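Reader: I have a model open and would like to go through some of its side-chain contacts and one of its helices with you. Could we take them a topic at a time?

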Amino acid sequence: MASPKQTVKEILEELPTLLAVAVVETETGMPLAAHSNLSDFDIDTAAAYNTEVVKQKLKAIKALNLNQTVQDILLTLTDQLHLIKLSPTGDKFIYLAVNARDTNLAVARQILKGQTAVLA
């Protein structure tokens with residue numbers, strides 16, 4: 001079982017050009033560990049708002065009686081990709097922001113998949 005700090009460290013090693021990464025507690029929206037390569041990127045605010053995205057998606061799935069679980073959530077911005085990957089239990093998620101032109105989405109998804117598998 002990896003700690004949130006170890007998870008952030010390993011993602012940073014695999015994606016050194018990332019904009020920001022955080023391991024976030026789904027219930028509270030509090031980052032358990034975070035790193036940003038941009039001085040003006042407020043990771044606490046990003047974590048809080050992305051927690052609301054996760055919660056609303058989970059509510060929608062329940063309201064529609066879908067027998068599904070969220071694998072990941074992708075938000076595509078003008079020149080950034082924001083990925084949210086839930087832990088197997090759903091009590092935490094990894095939030096990742098990367099530059100769209102510098103990052104292969106498939107690689108970023110694989111890295112997050114490997115890291116969330118060990119988050120407990």
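Reader: What joins the side chains of Gln-80 and His-82?
Author: In this predicted model, the side chains of Gln-80 and His-82 are joined by a polar contact of 2.7 Å. Gln-80 itself is found in strand β4.

Reader: And which residues is Gln-80 in contact with, leaving aside neighbours within four places in sequence?
Author: With those neighbours left out, Gln-80 is in contact with Leu-19, Leu-75, Val-98 and Ala-100. Val-98 also turns up among the contacts of Thr-103, together with Leu-15 and Ala-108, when the neighbours of Thr-103 within four places in sequence are left aside.

Reader: Where does Thr-103 lie?
Author: Thr-103 lies in the loop between β5, residues 92-99, and α3, residues 105-118. The side chain of Thr-103 reaches back to the backbone oxygen of Asn-99, at 3.2 Å.

Reader: Is Thr-103 buried or exposed, and why?
Author: Thr-103 counts as buried, because its relative accessibility is 11% and the cut-off for buried is under 20%.

Reader: Moving on to α3, what happens at the start of it?
Author: At the start of α3, a side-chain oxygen of Asn-104 comes to within 2.8 Å of the backbone nitrogen of Ala-106. As for the span of the helix, the 14 residues of α3 should cover 20 Å at 1.5 Å a residue, and the end C-alpha atoms are 21 Å apart, which agrees.

Reader: Which residues of α3 are buried?
Author: Ala-108, Ile-111, Leu-112, Gln-115 and Thr-116 are buried in α3. Looking down the axis of α3, these buried residues fall within an arc of 125 degrees, so they line one face of the helix. This fits the general pattern that an α-helix has 3.6 residues a turn, so residues three or four places apart point the same way.

Reader: What covers that buried side, and what is on the face turned away from it?
Author: The cover over the buried residues of α3 includes α1 (4-14), β4 (80-86) and β5. On the face turned away from the buried side, α3 carries the exposed residues Ala-106, Gln-110 and Ala-117.

Reader: Changing topic, how many salt bridges are there?
Author: The count comes to three salt bridges. One of them pairs Arg-109 with Asp-72, with the closest N and O atoms 2.9 Å apart. That pair links distant parts of the chain, since Arg-109 is in helix α3 and Asp-72 is in strand β3 (residues 72-76), 37 residues apart. Arg-109 counts as partly exposed at 32% relative accessibility, and Asp-72 likewise counts as partly exposed, at 25%.

Reader: What about Lys-9, which residue does it form a salt bridge with?
Author: Lys-9 forms a salt bridge with Glu-13, and the closest N and O atoms are 3.2 Å apart. Lys-9 and Glu-13 are four residues apart in helix α1, so about one helical turn separates them. Lys-9 is partly exposed, with a relative accessible area of 45%.

Reader: And Lys-92, where is its salt bridge partner, and is Lys-92 buried or exposed?
Author: The side chain of Lys-92 meets that of Asp-91 in a salt bridge, at 3.4 Å from N to O. Lys-92 is buried, with a relative accessible area of 10%, whereas Asp-91 counts as partly exposed at 35% relative accessibility.

How values were computed:
Residues are numbered from 1 along each chain as its sequence is written. This is a predicted model: local features need pLDDT of at least 70, side-chain atom pairs count only at pLDDT 80 or more; totals for chains, interfaces and linings use all residues. Side-chain values use heavy atoms; hydrogens and water are left out. Helices (H or I, at least four residues) and strands (E, at least two) are DSSP runs, numbered from the N terminus. Buried means under 20% relative accessible area, exposed over 50%, partly exposed in between (1.4 Å probe, protein chains only). A polar contact is a pair of N or O atoms within 3.5 Å; within protein, one must be able to donate a hydrogen and the other to accept it, and residues adjacent in sequence count only if both atoms are side-chain atoms. Contact means heavy atoms within 4.5 Å. The expected span of a helix is 1.5 Å times one less than its number of residues. The arc is that of the directions from the helix axis to the C-beta atoms. A salt bridge is a side-chain nitrogen of Lys or Arg within 4 Å of a carboxyl oxygen of Asp or Glu.
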